[in-house]
Amino acid sequence: MADHDHTEPPSDTALRVKALESLLLEKGLVEADTLDAIIQLYEHNVGPQNGAKVVARAWSDPDYKARLLADATPAIAELGYGGVQGEDMVVVENTSDVHNLLVCTLCSCYPWPVLGLPPVWYKAAPYRARAVSEPRAVLKEFGVEIREGVEVRVWDSTAELRYMVLPERPAGTEGLGEDELAALVTRDSMIGVALVEST
Amino acid sequence: MNGIHDLGGMHGMGPVNPETDEPVFHADWERRVFALMMAIPGSVYNIDEFRHAIERMEAAEYLSTSYYEHWLHCLEVLMIEKGQFERAELEAAWSNAASAANGSA
């Protein structure tokens, strides 16, 4: 289909975005203050530090862990996290027999309230293509070797349902409080591409 | 809809290449696209319509552009389809932005 009447978009993406933003502001569809607040929120306030607190609580409080695994959304809300892209949450537990891995094969679905915005590799073709067909090979690229006999479960996220991994608590952390435990928990361990190390 | 976006199990995609200490956004324009997407009222379009706009991208364009470029493409398409502005208005905004950039250079 030839669009001879149409100008091609500028090759400079930043310019193209500036144009769209100015048009949307002019039409009153968005407001400048709102845009700045959204950026502030997702760049600084929402991130894997939230999920780490959920994990640390689950490791420290067996009743909380039971609630989290039974119905994650309200259990996560107990710590004050919820909302956009986390409306319906499922937490899957890593054990000595099962290792869980999250992916979104179709795009980028990810539990924003607990992990923040997804990293580029999570949204890119190689991870989305391979996590479901050769998860152990993918894990090996992340430096994680899963023993033979340990089942690997891969969870394909959707727009409606988001997963988070509850990693295994590492040995040698028995004396640690929740804040110290949370400091050990990484984003990657809650996606399932890393294990939590005790130091 | 079956298409290039349905990547699960596809071969030939190469290694994952995670980035060390990755920032939330890699350029200021990514921040702006993200914020625009979040700020446009939900009454203008819904997530399925956004999804459909992504699925209508040409395969080569889908694979050769970045995640937030997909979003930018879809926002432009949807705003026009939903009658929020005309294609001609968007083109005028492109030339205004280009002139402003040249003027300040």
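In this predicted model, the contact between the two chains draws 46 residues from chain B and 48 residues from chain A. On the side of chain B that touches chain A, helix H1 (28-39), H4 and helix H5 (87-103) of chain B each supply at least two residues. H5(B) gives the largest share of that side, 10 residues. Sorted by class, the side of chain B that touches chain A holds 29 nonpolar, seven polar and 10 charged residues.

**Helix packing across the interface**

One helix pair spans the two chains. Helix H1 (residues 13-26) of chain A packs with helix H4 (residues 67-81) of chain B at an angle of about 35°, and their axes lie 11 Å apart. The crossing of H1(A) past H4(B) is left-handed. From H1(A), the residues Thr13(A), Arg16(A), Val17(A) and Leu20(A) take part, and they meet Glu69(B), Leu72(B), Leu75(B) and Glu76(B) of H4(B). The contact of H1(A) with H4(B) is made up of four nonpolar, one polar and three charged residues.

**The segment before H1 of chain B**

Chain B also reaches chain A through Pro18(B), a residue of the segment before H1 of chain B. Once neighbours within four places in sequence are set aside, Pro18(B) is in contact with Pro119(A), Trp121(A) and Phe142(A). Pro18(B) counts as partly exposed because 17 other C-beta atoms lie within 10 Å. Asn17(B) is likewise placed in the segment before H1 of chain B. Asn17(B) is exposed, with 11 other C-beta atoms within 10 Å. The phi angle of Asn17(B) is positive, about 55°, although Asn17(B) is not a glycine.

**Overall organisation of chain A**

The secondary structure of chain A consists of 11 helices and four strands. Its C-alpha trace spans about 65 × 35 × 30 Å along the principal axes. Chain A is divided into domain 1 (13-44) and domain 2 (48-191), and the centres of these two domains, taken over C-alpha atoms, are separated by 31 Å. Of the 199 residues of chain A, 41% count as buried. Among the contacts in chain A between residues at least 6 apart in sequence, 71% join residues at least 24 apart.

**Strand pairing in chain A**

The following table sets out two strand pairs of chain A.

| Strand | Partner strand | Bridges | Direction | Example of opposed residues |
|---|---|---|---|---|
| E1(A), residues 89-93 | E4(A), residues 162-166 | five bridges | parallel | Val91(A) and Met164(A) |
| E2(A), residues 98-103 | E3(A), residues 151-156 | six bridges | parallel | Val103(A) and Asp156(A) |

Strand E4(A) is mostly covered, with five of its five residues buried. Side chains in a regular strand alternate between the two faces of the sheet. In E4(A), Arg162(A), Met164(A) and Leu166(A) point one way, Tyr163(A) and Val165(A) point the other way, and all are buried. Among these residues, Met164(A) stands opposite Val91(A).

In E2(A), five of the six residues are buried, so the strand is largely enclosed by the rest of the structure. Leu101(A) is found in this strand. Leu101(A) has 24 C-beta neighbours inside 10 Å and therefore counts as buried, the threshold being 20 or more. Beyond its neighbours within four places in sequence, Leu101(A) is in contact with Ala131(A), Pro135(A), Leu139(A), Val152(A), Val154(A), Gly192(A) and Val193(A). Leu101(A) and Asp156(A) are 55 residues apart in sequence, while their C-alpha atoms are 8.8 Å apart in space. Asp156(A) is also the bridge partner, in E3(A), of Val103(A).

**A loop residue with positive phi**

Gln85(A) is located in the loop between helix H5 (72-78) and E1 of chain A. Its phi is positive, about 65°, although Gln85(A) is not a glycine. Is this loop residue buried or exposed? Gln85(A) has 20 C-beta neighbours inside 10 Å and so counts as buried, since the cut-off is 20 or more.

Note on methods
Residues are numbered from 1 along each chain as its sequence is written. Chains are lettered from A and ligands numbered from 1 in the order in which they are written. This is a predicted model: local features need pLDDT of at least 70, side-chain atom pairs count only at pLDDT 80 or more; totals for chains, interfaces and linings use all residues. A residue is buried if 20 or more other C-beta atoms lie within 10 Å of its own, exposed if 12 or fewer, and partly exposed in between; C-beta atoms are placed from the backbone. Two strands pair if DSSP finds at least two bridges between them. Axes are lines fitted to C-alpha atoms, for helices over the stretch in contact, and angles run from 0 to 180 degrees between N-to-C directions. A crossing is left-handed if the near helix is turned anticlockwise from the far one by less than a right angle, and right-handed if clockwise. Two residues are in contact if their C-beta atoms, placed from the backbone, lie within 7 Å. Ala, Val, Leu, Ile, Met, Phe, Trp, Tyr, Cys and Pro count as nonpolar, Asp, Glu, Lys and Arg as charged, and the others, Gly among them, as polar. Domain bounds come from an automatic or database domain assignment.
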